[in-house]
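Subject: A structure for you to explore

Hi there,

Here is the structure I promised to pass on to you. Please open it next to this email and look up each place as you read.

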Amino acid sequence: MMTKQQFVNQIALEKERKLPHINQDKWRNKFHLMAPIGWINDPNGLCYFKGLYHVFYQYSPLDAKGGLKFWGHYTSPDMVNWTEHEIALFPDISEDIDGVYSGSALVYNDEMYLFYTGNVKYKGDHDYVLTGREQNVIMVKSTDGFNFTEKQVLLTNQDYPQNMGLHVRDPKVWEENGIFYMVLGARSIDDKGYVLLYKSLNLTEWELVSVPAGGLDEMGYMWECPDMFKLDGKNVFMFSPQGMEAKGLKYHNVYQSGYAIGSFNESKQQLSLGKFDELDRGFDFYAPQTFKNHDGRVIMYGWAGVPDAIEHRNPTVEIGWQHCLTLPRQLVLKGEKLYQFPVEELKAMRKDETVIPNVPLGEKRIFELFDTNTYELDLAFKETTSFELAFREDCRLAWKEGIFTLTLGESGYGRDERSVKIESISNLHIYSDHSILEVYLNGGEDVFTSRIYNKGVDQTLELMGTGEVTLTKWTL
Ligand code: FRU
């Protein structure tokens, strides 16, 4: 087993070698969080603690294609300006030797608690689904958010229900009326996705409180990264099912991430879930996690990537890095539908506002708008029944006959087309960074997150359609 110090030395050498190339890469993003070197996946341990936002994340510093996982660490006073810190958690005990996997933070009594999955893979001939693996729930504590106590193993595979296989992970912990709850994502022996709900009075002893929810035929074989939060008095359950089949325009990403309104009947000890809805239609969105901010907002980060993508790729692997996180998005419920929109704080990034008011739409018009790929663009439509917009060399956004479609050409590196049905359009809002687009429709009713790798800066926006539009652009 490698010690923390050995890892620190090895990663420092790797940084010395790779950083000069990575830092010059034109595809490094300006305002999306990335791993300093190597690979990033899930956001972990999100919280606001003693005046700082903490974003931990799944980090493979030694391999841009993913590999041994650590928890990387960023903090910010405002969700705009971020500071990189030393790696927070290393795979340095026998219970997490093959990876410090995903988990969450709980801020309680002025302390930060982190809960994560310690991944262990035995040597030998195993399928690592039913044999050869351990997934342990482990906790550490901190009074300052930077120095952590010794790791404490809370649950091991023996503690999970007997019909579960060895994939049980990604603890999300919260407190309600003096009781602590934890959800874990799981794969049953017969390959169905489940969520397990545990409770505790002291954060160290946990008991299963519900028959596991899930086991639905069309909902895949594994549910990763479960999350549960309250909005408008409703329990929203968020998770990332693997193995769902595409249905019409839905579920076309490699794996899905979505939510269902859930309810928990304490006396019957039963957790039930409503209808599942996908969170993001782009190509690159997975494993989202939320935290409740000190001002009451529920804020979500996602991984702007997916595991196991075959049809599309990220050319930055050759340069020594891959993936990034999404922007922080505030979640709001309208009826039973979740809306997402980047947090207010991000407006502080705006420079040089350009407004082109009341443009009548018709045949193609060309606007020279951009001198960099980092901008925010808002289109406020009036009486528009269809439109098409082209920008960033070969990216098209179109709404025709009630279907909105994002299309990418060469710059998508295999990403081609994704669509959603929408009844009307009032607003389209785009955050464009050097190698990612986040597209918000109608104030966050639907969202598309996609990586994009352009050759250069395309100055133009081509636009055609019906009705009228007001364009607003800010350089970021
Ligand atoms: C989701 C996930 C989690 C796991 C982590 C490992 O992307 O597979 O279930 O904890 O990534 O990096």
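Below is what I found, going from a sheet to single residues and then to the empty spaces.

Before you start, please keep in mind that this is a predicted model.

**The sheet**

Let's begin with an open sheet of six strands, whose pairing is antiparallel. Going across, the strands come in the order β25-β34-β27-β28-β29-β30. Which strands stand at the edges of this sheet? They are β25 (365-368) and β30 (417-421). Each of the two has a single partner strand, so one of its sides is left without a neighbour in the sheet. From one strand to the next, the twist averages 15°.

**Strand β27 and its partners**

Now find β27, which covers residues 387-391. Its antiparallel pairing with β34 (residues 460-465) runs over four bridges. Two places to look for are Ala390, which stands opposite Glu462 in β34, and Phe387, whose bridge partner in β34 is Gly465.

Strand β28 (residues 395-400) is also antiparallel to β27, and five bridges join them. Here Leu389 has Leu397 of β28 as its bridge partner. β27 and β28 form a hairpin with three residues between the strands. In that hairpin, Arg392 takes a positive phi near 45°. Remember Arg392, as we will meet this residue again below.

Is β27 mostly covered or mostly open? It is mostly covered, with five of its five residues buried. The side chains point in two directions: Phe387, Leu389 and Phe391 go one way, while Glu388 and Ala390 go the other. Residues on both sides are buried.

**Two residues to compare**

Is Ser432 buried or exposed? Ser432 lies in strand β31 (residues 427-433). Its relative accessibility is 0%, and buried means under 20%, so Ser432 counts as buried. The side chain of Ser432 has two contacts you can trace on screen. At 2.6 Å it reaches the backbone oxygen of Asn373, and a polar contact of 2.7 Å joins it to the side chain of Arg392. That is the Arg392 from the hairpin of β27 and β28.

For a contrast, turn to Ile310, in the loop between β20 (298-303) and β21 (321-322). Its relative accessible area is 80%, and exposed means over 50%, so Ile310 is exposed. If you would like to try the distance tool, pick Ile310 and Met139: their C-alpha atoms are 35 Å apart in space, and the two residues are 171 apart in sequence.

**The empty spaces**

Rolling a probe the size of a water molecule over the atoms shows where empty space is left.

The largest pocket has a volume of about 760 Å³. How many residues line the largest pocket? There are 36, and those nearest its centre are Trp39, Lys69, Trp303, Pro307 and Asp308. The elements giving two or more residues to this lining are β1 (38-49), β5 (100-108), β9 (164-176) and β14 (222-231). Sorted by class, the lining of the largest pocket holds 12 nonpolar, 11 polar and 13 charged residues.

The second largest pocket has a volume of about 540 Å³ and a lining of 24 residues. Leu106, Val173, Trp174, Glu175 and Lys292 lie nearest its centre. Two or more residues of this lining come from each of β1, β5, β9, β14 and β19 (286-292). By class, the second largest pocket is lined by 13 nonpolar, six polar and five charged residues.

There are also cavities, and the count comes to three of 30 Å³ or more. The largest cavity has a volume of about 60 Å³. Its lining includes Asp42, Asn44, Ser102, Asp170, Lys172, Cys225 and Gln289. Which elements each supply at least two residues of this lining? They are β1, β5, β9, β14 and β19. The residues around the largest cavity divide into five nonpolar, four polar and three charged.

If you want a place to start, try Arg392: find this residue in the hairpin of β27 and β28, then follow its side chain to Ser432.

Enjoy exploring, and write back with any questions!

Best wishes

Conventions:
Residues are numbered from 1 along each chain as its sequence is written. This is a predicted model: local features need pLDDT of at least 70, side-chain atom pairs count only at pLDDT 80 or more; totals for chains, interfaces and linings use all residues. Side-chain values use heavy atoms; hydrogens and water are left out. Two strands pair if DSSP finds at least two bridges between them. Axes are lines fitted to C-alpha atoms, for helices over the stretch in contact, and angles run from 0 to 180 degrees between N-to-C directions. On a 1 Å grid over the protein atoms alone, a cavity is a set of points where a 1.4 Å probe fits but cannot get out, and a pocket is an open set with protein on both sides within 12 Å along at least five of seven lines; lining residues have an atom within 4 Å of a point. Grid points are joined across faces, edges and corners, and a volume is the space filled by probe spheres set on the points. Ala, Val, Leu, Ile, Met, Phe, Trp, Tyr, Cys and Pro count as nonpolar, Asp, Glu, Lys and Arg as charged, and the others, Gly among them, as polar. Buried means under 20% relative accessible area, exposed over 50%, partly exposed in between (1.4 Å probe, protein chains only). A polar contact is a pair of N or O atoms within 3.5 Å; within protein, one must be able to donate a hydrogen and the other to accept it, and residues adjacent in sequence count only if both atoms are side-chain atoms.
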